[in-house]
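This report describes one protein model in terms of its ligand site, charged pairs, cysteines and surface. The sequence and structure come first.

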Amino acid sequence: MNILRFRRWRNHPVLRHLLEDVFFFPQHLICPLFIGESTFIHPELPGMSIYSLLDLPQKIKTLSHLDLHCFVLFPSTDKKDASGTESLNPRGLIPKAIDIIKKTNPKAVIFADVALDPYTDHGHDGILDKNSLVDNEKTVLALEKMSLLLAGAGADFIAPSDMMDGRVWAIRNALDAQGFLSTGILSYAAKYASAFYGPFRSAVKAPAHSLDKKSYQLSPQHKNIGISESLEDVKEGADGLIVKPGVCYLDILSKLKSLVHIPLVSYHVSGEYAMLRYASIHNALDEQRAVLETLHAFRRAGADGVITYYAEDYARWHRASLKL
Ligand code: PBG
(Lines give C-alpha, C1' and ligand atoms only; values in the text may rest on other atoms or scores of the structure.)
Protein backbone atom coordinates (compact mmCIF):
# COMPACT_ATOMS: atom_id res chain seq x y z
CA MET A 1 0.00 0.00 0.00
CA ASN A 2 1.06 3.53 -0.77
CA ILE A 3 0.54 6.13 1.95
CA LEU A 4 -0.88 9.47 0.83
CA ARG A 5 1.76 12.18 1.16
CA PHE A 6 -0.34 15.30 1.72
CA ARG A 7 2.78 17.19 2.73
CA ARG A 8 3.87 17.28 -0.92
CA TRP A 9 1.34 20.12 -1.18
CA ARG A 10 2.45 21.80 1.99
CA ASN A 11 6.21 21.90 1.75
CA HIS A 12 6.31 24.80 -0.69
CA PRO A 13 4.77 28.21 0.20
CA VAL A 14 3.56 28.81 -3.36
CA LEU A 15 1.70 25.51 -3.37
CA ARG A 16 0.12 26.32 -0.03
CA HIS A 17 -1.19 29.59 -1.49
CA LEU A 18 -2.36 27.81 -4.64
CA LEU A 19 -4.75 25.69 -2.62
CA GLU A 20 -6.21 28.41 -0.38
CA ASP A 21 -9.96 28.67 -0.66
CA VAL A 22 -10.95 30.49 2.54
CA PHE A 23 -10.40 34.24 2.68
CA PHE A 24 -11.31 37.08 4.95
CA PHE A 25 -11.30 40.69 3.79
CA PRO A 26 -12.41 43.91 5.53
CA GLN A 27 -15.45 43.91 3.21
CA HIS A 28 -16.83 41.01 5.26
CA LEU A 29 -16.83 43.00 8.50
CA ILE A 30 -19.72 44.62 10.34
CA CYS A 31 -18.66 46.98 13.17
CA PRO A 32 -20.62 47.09 16.41
CA LEU A 33 -20.85 50.66 17.74
CA PHE A 34 -22.10 51.81 21.14
CA ILE A 35 -23.72 55.23 21.15
CA GLY A 36 -23.94 57.02 24.50
CA GLU A 37 -24.83 60.32 26.10
CA SER A 38 -21.09 61.00 26.52
CA THR A 39 -17.93 59.41 25.17
CA PHE A 40 -16.17 57.01 27.53
CA ILE A 41 -13.80 54.09 27.41
CA HIS A 42 -15.52 50.72 27.76
CA PRO A 43 -14.87 49.57 31.32
CA GLU A 44 -14.33 45.91 30.36
CA LEU A 45 -13.31 45.83 26.71
CA PRO A 46 -9.80 47.20 26.19
CA GLY A 47 -9.66 49.14 22.93
CA MET A 48 -13.41 49.82 22.78
CA SER A 49 -15.28 53.04 23.56
CA ILE A 50 -18.83 54.28 23.77
CA TYR A 51 -19.26 57.32 21.49
CA SER A 52 -21.36 60.43 22.02
CA LEU A 53 -23.25 61.86 19.03
CA LEU A 54 -20.72 64.68 19.01
CA ASP A 55 -17.72 62.35 18.68
CA LEU A 56 -19.45 59.92 16.32
CA PRO A 57 -18.55 61.64 12.99
CA GLN A 58 -14.82 61.43 13.73
CA LYS A 59 -15.12 57.72 14.47
CA ILE A 60 -17.16 57.09 11.30
CA LYS A 61 -14.57 58.96 9.22
CA THR A 62 -11.75 56.87 10.67
CA LEU A 63 -13.65 53.66 9.94
CA SER A 64 -14.62 54.71 6.42
CA HIS A 65 -10.94 55.43 5.61
CA LEU A 66 -10.36 51.79 6.52
CA ASP A 67 -13.16 50.77 4.13
CA LEU A 68 -15.50 49.85 6.96
CA HIS A 69 -19.03 50.86 6.01
CA CYS A 70 -21.32 48.41 7.84
CA PHE A 71 -22.51 49.08 11.37
CA VAL A 72 -24.73 47.58 14.05
CA LEU A 73 -25.74 50.17 16.62
CA PHE A 74 -26.47 49.85 20.33
CA PRO A 75 -27.55 52.61 22.71
CA SER A 76 -25.92 53.13 26.08
CA THR A 77 -28.48 55.14 27.98
CA ASP A 78 -29.75 55.83 31.50
CA LYS A 79 -33.25 56.49 30.18
CA LYS A 80 -34.79 53.21 31.27
CA ASP A 81 -38.22 52.13 32.52
CA ALA A 82 -40.27 48.93 32.77
CA SER A 83 -41.53 48.98 29.18
CA GLY A 84 -38.53 50.58 27.46
CA THR A 85 -40.40 53.74 26.41
CA GLU A 86 -37.21 55.45 25.23
CA SER A 87 -36.93 52.89 22.39
CA LEU A 88 -39.79 54.77 20.69
CA ASN A 89 -38.30 58.24 20.98
CA PRO A 90 -37.79 59.58 17.45
CA ARG A 91 -35.18 61.96 18.89
CA GLY A 92 -33.40 59.20 20.81
CA LEU A 93 -29.72 58.28 20.47
CA ILE A 94 -30.08 55.71 17.71
CA PRO A 95 -32.31 57.63 15.25
CA LYS A 96 -29.95 60.59 15.64
CA ALA A 97 -26.89 58.38 15.23
CA ILE A 98 -28.28 56.88 12.01
CA ASP A 99 -28.74 60.36 10.59
CA ILE A 100 -25.22 61.45 11.60
CA ILE A 101 -23.62 58.29 10.21
CA LYS A 102 -25.42 58.57 6.86
CA LYS A 103 -24.46 62.22 6.56
CA THR A 104 -20.84 61.53 7.45
CA ASN A 105 -20.48 58.48 5.22
CA PRO A 106 -23.12 58.24 2.47
CA LYS A 107 -21.88 54.72 1.71
CA ALA A 108 -22.73 53.50 5.22
CA VAL A 109 -25.08 50.56 5.74
CA ILE A 110 -26.89 50.40 9.05
CA PHE A 111 -28.19 47.27 10.72
CA ALA A 112 -30.38 48.58 13.54
CA ASP A 113 -30.56 46.23 16.49
CA VAL A 114 -34.14 45.88 17.67
CA ALA A 115 -34.77 44.70 21.25
CA LEU A 116 -35.85 46.48 24.38
CA ASP A 117 -33.04 45.51 26.75
CA PRO A 118 -30.94 48.69 26.50
CA TYR A 119 -34.09 50.64 27.44
CA THR A 120 -35.68 48.50 30.19
CA ASP A 121 -34.83 49.02 33.86
CA HIS A 122 -34.97 45.23 34.48
CA GLY A 123 -32.65 44.54 31.53
CA HIS A 124 -34.88 42.01 29.76
CA ASP A 125 -35.44 42.19 26.01
CA GLY A 126 -39.17 42.80 26.32
CA ILE A 127 -42.11 43.79 28.49
CA LEU A 128 -42.70 41.57 31.53
CA ASP A 129 -46.01 39.90 32.45
CA LYS A 130 -47.24 39.42 36.02
CA ASN A 131 -45.10 36.30 36.41
CA SER A 132 -42.00 38.25 35.37
CA LEU A 133 -41.77 36.38 32.07
CA VAL A 134 -41.35 38.41 28.90
CA ASP A 135 -44.81 38.83 27.34
CA ASN A 136 -44.42 37.69 23.73
CA GLU A 137 -47.31 39.57 22.12
CA LYS A 138 -46.85 42.89 23.91
CA THR A 139 -43.15 42.77 23.14
CA VAL A 140 -43.67 41.98 19.44
CA LEU A 141 -45.98 44.98 19.19
CA ALA A 142 -43.30 47.21 20.73
CA LEU A 143 -40.68 45.76 18.37
CA GLU A 144 -42.89 46.50 15.36
CA LYS A 145 -43.13 50.15 16.42
CA MET A 146 -39.42 50.35 17.11
CA SER A 147 -38.65 48.83 13.69
CA LEU A 148 -40.85 51.38 11.93
CA LEU A 149 -39.15 54.19 13.80
CA LEU A 150 -35.67 52.94 12.87
CA ALA A 151 -36.61 52.25 9.25
CA GLY A 152 -38.02 55.77 9.09
CA ALA A 153 -34.77 57.11 10.54
CA GLY A 154 -32.85 55.48 7.67
CA ALA A 155 -31.80 52.03 8.88
CA ASP A 156 -31.09 49.73 5.92
CA PHE A 157 -31.76 46.55 7.89
CA ILE A 158 -33.73 45.80 11.03
CA ALA A 159 -31.89 43.29 13.21
CA PRO A 160 -34.25 41.87 15.86
CA SER A 161 -32.16 40.38 18.66
CA ASP A 162 -34.95 39.60 21.12
CA MET A 163 -35.86 35.97 20.28
CA MET A 164 -39.65 36.47 20.58
CA ASP A 165 -41.85 34.12 18.55
CA GLY A 166 -43.32 35.54 15.36
CA ARG A 167 -41.44 38.82 15.44
CA VAL A 168 -39.90 38.53 11.96
CA TRP A 169 -43.33 38.02 10.41
CA ALA A 170 -44.82 40.91 12.39
CA ILE A 171 -41.94 43.28 11.59
CA ARG A 172 -42.02 42.34 7.88
CA ASN A 173 -45.75 43.05 7.69
CA ALA A 174 -45.42 46.34 9.55
CA LEU A 175 -42.57 47.47 7.27
CA ASP A 176 -44.44 46.48 4.11
CA ALA A 177 -47.65 48.18 5.25
CA GLN A 178 -45.74 51.43 5.73
CA GLY A 179 -43.97 51.19 2.37
CA PHE A 180 -40.54 50.17 3.69
CA LEU A 181 -40.25 47.52 1.01
CA SER A 182 -36.49 47.77 0.62
CA THR A 183 -35.72 47.70 4.33
CA GLY A 184 -34.33 44.24 5.07
CA ILE A 185 -34.51 42.01 8.12
CA LEU A 186 -31.33 40.43 9.41
CA SER A 187 -32.66 38.33 12.25
CA TYR A 188 -30.76 36.99 15.21
CA ALA A 189 -32.24 33.59 14.42
CA ALA A 190 -30.10 31.32 16.55
CA LYS A 191 -29.21 33.32 19.62
CA TYR A 192 -28.11 31.39 22.66
CA ALA A 193 -28.43 32.25 26.36
CA SER A 194 -24.71 32.80 26.70
CA ALA A 195 -22.20 33.81 29.35
CA PHE A 196 -20.25 35.60 26.64
CA TYR A 197 -22.51 38.68 26.57
CA GLY A 198 -21.15 40.05 29.87
CA PRO A 199 -19.11 43.04 28.60
CA PHE A 200 -21.91 44.04 26.20
CA ARG A 201 -24.31 44.27 29.11
CA SER A 202 -22.13 46.72 30.97
CA ALA A 203 -21.80 48.82 27.79
CA VAL A 204 -25.59 49.18 27.54
CA LYS A 205 -25.76 49.80 31.32
CA ALA A 206 -27.84 46.69 31.98
CA PRO A 207 -28.66 46.16 35.67
CA ALA A 208 -26.87 42.82 35.87
CA HIS A 209 -24.16 41.02 33.96
CA SER A 210 -25.65 37.62 34.47
CA LEU A 211 -29.34 38.29 33.85
CA ASP A 212 -31.14 35.03 33.07
CA LYS A 213 -32.69 35.22 29.58
CA LYS A 214 -33.27 31.47 29.21
CA SER A 215 -37.05 31.81 28.69
CA TYR A 216 -36.41 33.37 25.29
CA GLN A 217 -32.78 32.80 24.26
CA LEU A 218 -31.79 29.26 23.22
CA SER A 219 -30.23 26.68 25.48
CA PRO A 220 -26.63 25.76 24.60
CA GLN A 221 -27.58 22.17 25.46
CA HIS A 222 -30.21 21.84 22.73
CA LYS A 223 -28.75 20.58 19.48
CA ASN A 224 -31.48 21.17 16.89
CA ILE A 225 -33.80 23.88 18.07
CA GLY A 226 -31.54 26.67 16.76
CA ILE A 227 -31.87 25.16 13.29
CA SER A 228 -35.68 24.98 13.55
CA GLU A 229 -35.88 28.57 14.80
CA SER A 230 -33.70 29.72 11.92
CA LEU A 231 -35.76 27.89 9.30
CA GLU A 232 -38.86 29.50 10.82
CA ASP A 233 -37.32 32.97 10.51
CA VAL A 234 -36.64 32.30 6.83
CA LYS A 235 -40.31 31.33 6.38
CA GLU A 236 -41.40 34.48 8.20
CA GLY A 237 -39.44 36.62 5.76
CA ALA A 238 -35.92 37.14 7.12
CA ASP A 239 -33.43 38.29 4.46
CA GLY A 240 -30.44 37.00 6.41
CA LEU A 241 -29.70 35.17 9.65
CA ILE A 242 -27.30 35.72 12.53
CA VAL A 243 -25.82 32.96 14.65
CA LYS A 244 -24.69 34.21 18.05
CA PRO A 245 -22.28 33.83 19.81
CA GLY A 246 -19.79 32.96 17.10
CA VAL A 247 -16.99 30.62 18.11
CA CYS A 248 -19.01 28.25 20.33
CA TYR A 249 -21.76 27.84 17.70
CA LEU A 250 -19.85 27.13 14.49
CA ASP A 251 -21.63 23.78 14.27
CA ILE A 252 -24.98 25.58 14.02
CA LEU A 253 -23.62 27.98 11.40
CA SER A 254 -22.20 25.18 9.32
CA LYS A 255 -25.40 23.15 9.46
CA LEU A 256 -27.45 26.20 8.48
CA LYS A 257 -25.14 26.85 5.53
CA SER A 258 -26.12 23.52 4.07
CA LEU A 259 -29.83 24.09 4.69
CA VAL A 260 -30.59 27.69 3.72
CA HIS A 261 -29.40 29.81 0.85
CA ILE A 262 -29.71 33.29 2.23
CA PRO A 263 -26.82 35.31 3.76
CA LEU A 264 -25.50 34.17 7.12
CA VAL A 265 -23.70 36.32 9.65
CA SER A 266 -21.69 35.23 12.65
CA TYR A 267 -21.61 37.47 15.72
CA HIS A 268 -18.24 37.29 17.47
CA VAL A 269 -19.63 38.64 20.74
CA SER A 270 -18.15 40.87 23.42
CA GLY A 271 -16.95 38.04 25.70
CA GLU A 272 -15.25 36.31 22.79
CA TYR A 273 -13.45 39.52 21.90
CA ALA A 274 -12.50 39.98 25.56
CA MET A 275 -10.95 36.50 25.75
CA LEU A 276 -8.66 37.12 22.80
CA ARG A 277 -7.85 40.67 23.87
CA TYR A 278 -6.98 39.87 27.47
CA ALA A 279 -4.91 36.83 26.47
CA SER A 280 -3.05 38.97 23.94
CA ILE A 281 -2.41 41.79 26.42
CA HIS A 282 -0.78 39.20 28.66
CA ASN A 283 1.30 37.85 25.76
CA ALA A 284 -0.34 34.45 25.90
CA LEU A 285 -1.29 34.72 22.21
CA ASP A 286 -0.05 36.23 18.99
CA GLU A 287 -3.09 38.51 18.65
CA GLN A 288 -3.11 39.05 14.90
CA ARG A 289 -2.72 35.38 14.12
CA ALA A 290 -5.35 34.35 16.67
CA VAL A 291 -7.87 36.89 15.34
CA LEU A 292 -7.26 35.97 11.72
CA GLU A 293 -7.60 32.28 12.53
CA THR A 294 -10.93 33.02 14.24
CA LEU A 295 -12.20 35.05 11.27
CA HIS A 296 -11.17 32.30 8.86
CA ALA A 297 -13.03 29.80 11.03
CA PHE A 298 -16.24 31.83 10.61
CA ARG A 299 -15.81 31.92 6.84
CA ARG A 300 -14.95 28.21 6.66
CA ALA A 301 -18.08 27.35 8.62
CA GLY A 302 -20.23 29.40 6.24
CA ALA A 303 -20.41 33.02 7.41
CA ASP A 304 -20.81 35.63 4.71
CA GLY A 305 -20.34 38.51 7.12
CA VAL A 306 -18.94 38.75 10.63
CA ILE A 307 -19.87 41.21 13.37
CA THR A 308 -16.79 41.68 15.53
CA TYR A 309 -15.28 44.21 17.93
CA TYR A 310 -11.98 43.43 16.17
CA ALA A 311 -13.23 45.03 12.92
CA GLU A 312 -11.11 48.18 13.13
CA ASP A 313 -7.97 46.34 14.22
CA TYR A 314 -8.38 43.73 11.54
CA ALA A 315 -8.87 46.38 8.83
CA ARG A 316 -5.67 48.11 10.02
CA TRP A 317 -3.66 44.90 10.07
CA HIS A 318 -4.96 44.00 6.63
CA ARG A 319 -3.95 47.40 5.25
CA ALA A 320 -0.48 47.17 6.83
CA SER A 321 0.05 43.70 5.38
CA LEU A 322 -0.74 44.99 1.86
CA LYS A 323 2.12 47.47 2.24
CA LEU A 324 4.66 44.72 3.03
C1 PBG B 1 -29.63 41.93 23.41
C2 PBG B 1 -28.30 41.85 22.79
C3 PBG B 1 -27.20 41.22 23.38
C4 PBG B 1 -26.12 41.38 22.53
C5 PBG B 1 -26.58 42.09 21.42
N6 PBG B 1 -27.94 42.37 21.59
C7 PBG B 1 -26.99 40.53 24.65
C8 PBG B 1 -28.02 40.03 25.50
O9 PBG B 1 -28.81 39.18 25.10
O10 PBG B 1 -28.04 40.47 26.65
C11 PBG B 1 -24.76 40.84 22.83
C12 PBG B 1 -23.64 41.24 22.01
C13 PBG B 1 -22.29 41.03 22.60
O14 PBG B 1 -22.09 40.40 23.64
O15 PBG B 1 -21.38 41.54 21.97
N16 PBG B 1 -30.69 42.32 22.69
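## Salt bridges, ligand site and surface

Arg 316 is partly exposed, with a relative accessible area of 40%. Its side chain meets that of Glu 312 in a salt bridge, with an N to O distance of 2.6 Å. Both residues belong to helix α11 (residues 311-322), where they stand four residues apart, about one turn of the helix. The pair is part of a network: salt bridges with shared partners join Lys 59, Glu 312 and Arg 316. The model discussed here is a predicted one.

In total the structure holds 16 salt bridges. Side chains of opposite charge can pair when their charged atoms come close. Three of these pairs are set out below.

| Salt bridge | N to O distance and citation |
|---|---|
| Lys 103 and Asp 99 | 2.9 Å |
| Asp 156 and Lys 102 | 2.7 Å |
| Arg 316 and Glu 312 | 2.6 Å |

Helix α3 (residues 93-104) contains both Lys 103 and Asp 99, four residues apart, about one turn of the helix. Lys 103 is exposed, at a relative accessible area of 63%. Asp 99 has a relative accessible area of 36% and is therefore partly exposed, since that class lies between the limits of 20% and 50%.

What does the salt bridge between Asp 156 and Lys 102 link? The side chains of Asp 156 and Lys 102 meet at 2.7 Å, N to O. This pair links distant parts of the chain, 54 residues apart: Asp 156 is in the loop between α4 (136-153) and β6 (157-160), and Lys 102 is in helix α3. Asp 156 is partly exposed, with a relative accessible area of 24%. Lys 102 also counts as partly exposed, at 24% relative accessibility.

The ligand is surrounded by 18 residues, and the closest are Arg 201, Gln 217, Lys 244, Ser 270 and Tyr 309. Polar side-chain atoms approach its oxygen atoms at several points. For Lys 213, a polar side-chain atom lies 2.7 Å from an oxygen atom of the ligand. For Gln 217, which is among the closest residues, the distance from a polar side-chain atom to a ligand oxygen atom is 2.7 Å. An N or O atom in the side chain of Tyr 267 is 3.5 Å from an oxygen atom of the ligand. How much of the ligand's area does the protein bury? Taken alone, the ligand exposes 400 Å², and the protein buries 100% of that.

The structure holds zero disulfides. Cys 31 is in no disulfide, and the nearest cysteine sulfur, that of Cys 70, is 7.8 Å away. Cys 70 is likewise in no disulfide, with the sulfur of Cys 31 as its nearest cysteine sulfur at 7.8 Å. That distance does not meet the criterion of 2.5 Å, so the two sulfur atoms are not counted as a disulfide. Cys 31 is buried, with a relative accessible area of 3%.

On the surface, Trp 9, Leu 18 and Leu 19 form a nonpolar patch, with about 330 Å² of accessible area together. Is Leu 18, one of its members, buried or exposed? Leu 18 counts as exposed because its relative accessibility is 58%. Leu 18 is found in helix α1 (residues 13-18).

Definitions and conventions:
Residues are numbered from 1 along each chain as its sequence is written. This is a predicted model: local features need pLDDT of at least 70, side-chain atom pairs count only at pLDDT 80 or more; totals for chains, interfaces and linings use all residues. Side-chain values use heavy atoms; hydrogens and water are left out. Patches are made of residues with over 30% relative accessible area and no salt bridge: like charges are joined within 9 Å, nonpolar side chains (Val, Leu, Ile, Met, Phe, Trp, Tyr) within 5 Å. Accessible areas come from the Shrake-Rupley method with a 1.4 Å probe; for residues, only the protein chains shown count as cover. A salt bridge is a side-chain nitrogen of Lys or Arg within 4 Å of a carboxyl oxygen of Asp or Glu. Helices (H or I, at least four residues) and strands (E, at least two) are DSSP runs, numbered from the N terminus. Buried means under 20% relative accessible area, exposed over 50%, partly exposed in between (1.4 Å probe, protein chains only). A residue is near a molecule or strand if one of its heavy atoms lies within 4 Å of it. A polar contact is a pair of N or O atoms within 3.5 Å; within protein, one must be able to donate a hydrogen and the other to accept it, and residues adjacent in sequence count only if both atoms are side-chain atoms.
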